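Visitor: I would like a close look at a single part of this model, followed outward to whatever surrounds it. Please take one strand and go through it with care.

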Amino acid sequence: MKLRIKFSKEGIMKYIGHLDMMRYFQKAFRRSGIDIAYSQGFSPHQLISFAAPLGVGLTSRGEYMDIMANSSFDSQTMVDLLNKEMVEGVKILSCRRIDDETKNSNAMAILAAADYEIEFSDPRDFDEAVKAAFTAFMDQEHIQVTKKTKKSQREVDIRPLIYGYEVHDHAVFLRLAAGSLDNLKPEFVMETFMQTLGKTFEGIRVQICRLEMYAKDPDKGLVALEDLGYDMD
């Protein structure tokens, strides 16, 4: 059976990279006693896949991984068993079953969007003038940027990949395209904006938190990955 696990990653754990997080969870599953499934062959490994890597230095309240299990307890017991093995900064938020036969069975493949909060450490870096400039920047019909690769560069309009935004007291909220087809990082959006002010985003102290990840449903629009599964009794 396939299970989708939602977890948070905060505090000091934001400095732990994606590969180390994978190894961390592999050990946690072994200690928890959960009957996780393994691949076949000479080097069997746990069947775990993450929806999307999280950059080092970013926190999250909406990370996802899919696992294959041979058997399972009810959802709350699964959450409790895993949380007993978690270190400070990582917390299991939910565990839901995913029907293997449906198109929702692979979080990595169906990922379409993600929410982010960018909080400014120094309010002076996001004063009223900057807020007004940011609103004007986001309200443009097109935002043309130059994307460079190893072999070439091309002009790209990133505005269609920005699905929503809000301006708060000391932070901005962004809903951006995510996944293998289109993937827009919040750092890139903010760097592009800061360049219009003659500044660089790199020198500004912020904390970026990923809040949620979504799949795209033809009838319902964007749906949180968690809501595509169901609780086990």
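Guide: A residue is called buried here when its relative accessible area is under 20%, and that cut-off is needed for what follows. The model is a predicted one, and the part I have chosen is strand E1, residues 2–9, in which 8 of the 8 residues are buried. In a regular strand the side chains alternate between the two faces of the sheet. In E1 one side carries Lys2, Arg4, Lys6 and Ser8, while Leu3, Ile5, Phe7 and Lys9 are on the other, and both faces are covered.

The partners of E1 come next. Strand E4, residues 90–98, runs antiparallel to E1 and is joined to it by 8 bridges, with Arg4 standing opposite Arg96 of E4. Strand E3, residues 59–68, is also antiparallel to E1, and 7 bridges join the two; in this pairing Lys9 stands opposite Ser60.

Beyond the strand, the loop between E1 and helix H1 (18–32) holds Lys14, which is buried yet has no salt bridge, the nearest side chain of opposite charge being that of Glu119, 9.9 Å away. Leaving aside neighbours within four places in sequence, Lys14 is in contact with Lys9, Gly55, Val56, Gly57, Leu58, Thr59 and Gln207.

Gln207 leads on to Ile118, since both Gln207 and Ile208 are among the residues that Ile118 contacts, along with Leu174, Pro186 and Met190. Ile118 is also one of the residues with the most contacts inside the largest nonpolar core, which has 42 residues. Helix H3 (107–110), strand E5 (111–120), helix H4 (128–138), strand E9 (171–177), helix H5 (186–196) and strand E10 (206–217) each supply at least two residues of this core, and E5 gives the most, with 6 residues. Apart from this core lies another, of 24 residues, and Phe7 of the strand we began with is among them, as are Tyr24, Phe29 and Ile67.

To finish on the side of the 42-residue core, the buried residues of H5 are Pro186, Val189, Met190, Thr192, Phe193 and Met194, and these pack against E5, H4, E9 and E10 as well as strand E6 (144–148) and strand E8 (162–167). Just after H5, Gly198 takes a positive phi of about 75 degrees.

Methods: Residues numbered from 1 in each chain as written. Predicted model: local features only at pLDDT ≥ 70, side-chain atom pairs only at ≥ 80, totals over all residues. Heavy atoms only, no water. Core = buried A, V, L, I, M, F, W, Y, C linked by side-chain atoms within 4.5 Å. Buried < 20%, exposed > 50% of the residue type's maximum accessible area, 1.4 Å probe, protein only. Helix = DSSP H or I, 4+ residues; strand = E, 2+ residues; numbered from the N terminus. Contact = heavy atoms within 4.5 Å. Pairing = 2+ DSSP bridges. Lys, Arg positive; Asp, Glu negative; His and termini not counted. Salt bridge = Lys/Arg side-chain N within 4 Å of Asp/Glu carboxyl O.
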